[in-house]
Amino acid sequence: MPPVVRLRVMPEPFAPPAMPPVIDFAPLIGTYRREGVVITVTERDGAGHAVYEFVDGMKDFSEPLEIDLVPVTETVFAGTGVGAAFSEDYMPVVFATLQDGTGCVYIGMRCGPKIA
């Protein structure tokens, strides 16, 4: 019997859906911080936006990154505008709540707890 050949199909690149859901962005607005980074999340004309800024000892790594947040779900967004710093197209930006109730945002697989 010939060997079984299994083909693996590469998944599609991460991207927002053709028709992004309408969400209430207000609960996500605020300032998030992790070591060396402050992430400021705002709403502009009904759309989510984040500024990813290196601070403290990392402040000279890059100018602040402007990230538009396109909804995928109520807590998952496709971040645009980050270029070579993270991803060429879209990158996941995920909002969650820690066990103690603290809101947080995950960008680049790193967690930034909400501080304001």
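A salt bridge is here a side-chain nitrogen of Lys or Arg within 4 Å of a carboxyl oxygen of Asp or Glu. By that criterion, a search of the whole structure, which is a predicted model, yields two salt bridges. This briefing covers those two pairs, the largest nonpolar core, the pairing of strands 4 to 8, and the surroundings of Thr 80.

**Salt bridges**

- One salt bridge brings together the side chains of Asp 56 and Arg 33, with an N to O distance of 2.4 Å.
- This pair connects distant parts of the chain, 23 residues apart: Asp 56 belongs to the loop between strand 3 and strand 4, and Arg 33 to strand 1 (residues 30-34).
- Asp 56 has a relative accessible area of 46% and is therefore partly exposed; Arg 33, at 33% relative accessibility, is also classed as partly exposed.
- A salt bridge also forms between Arg 44 and Glu 66, whose closest N and O atoms lie 3.8 Å apart.
- Here too the pair links distant parts of the chain, with Arg 44 in strand 2 and Glu 66 in strand 4, 22 residues apart.
- Arg 44 counts as partly exposed because its relative accessibility is 47%, and Glu 66 is partly exposed with a relative accessible area of 39%.

**Nonpolar core**

- The largest nonpolar core comprises 19 residues, of which Ile 39, Val 41, Tyr 52, Leu 69, Phe 77 and Phe 95 touch the most other members.
- At least two residues of this core come from each of strand 2 (37-44), strand 3 (47-54), strand 4 (65-71), strand 6 (91-97) and strand 7 (103-107).

**Strand 5 and its neighbours**

- Four of the five residues of strand 5 are buried, leaving the strand mostly covered.
- On one side of the pairing scheme, strand 5 is joined to strand 4 in the antiparallel sense by four bridges, and Leu 69 has Gly 79 of strand 5 as its bridge partner.
- Strand 4 and strand 5 make a hairpin, with four residues between them.
- Strand 5 also runs antiparallel to strand 6, again with four bridges; Phe 77 has Val 93 of strand 6 as its bridge partner.
- Two of these bridged residues, Leu 69 and Phe 77, are among the core members with the most contacts to other members.

**Thr 80**

- Thr 80 is located in strand 5 (residues 76-80).
- With a relative accessible area of 18%, Thr 80 is buried, because the cut-off for that class is under 20%.
- Leaving aside residues up to four places away in sequence, Thr 80 touches Glu 66, Ile 67, Asp 68, Val 70, Asp 89 and Tyr 90.
- One of these contacts, Glu 66, is the salt-bridge partner of Arg 44.

**Hairpins of strands 6 to 8**

- Five bridges pair strand 6 with strand 7 in the antiparallel sense, and Thr 97 is matched with Gly 103 in strand 7.
- The hairpin formed by strand 6 and strand 7 has five residues between the strands, and Gly 101 in its turn adopts a positive phi of about 95°.
- Strand 7 is in turn joined to strand 8 (residues 110-113) by four bridges, the two strands running antiparallel.
- Within strand 8, Pro 113 stands opposite Cys 104.
- Two residues lie between strand 7 and strand 8 in their hairpin, where Gly 108 has a positive phi near 60°.

Technical notes:
Residues are numbered from 1 along each chain as its sequence is written. This is a predicted model: local features need pLDDT of at least 70, side-chain atom pairs count only at pLDDT 80 or more; totals for chains, interfaces and linings use all residues. Side-chain values use heavy atoms; hydrogens and water are left out. Buried means under 20% relative accessible area, exposed over 50%, partly exposed in between (1.4 Å probe, protein chains only). Contact means heavy atoms within 4.5 Å. A nonpolar core is a set of buried Ala, Val, Leu, Ile, Met, Phe, Trp, Tyr and Cys residues joined through side-chain atoms within 4.5 Å. Two strands pair if DSSP finds at least two bridges between them.
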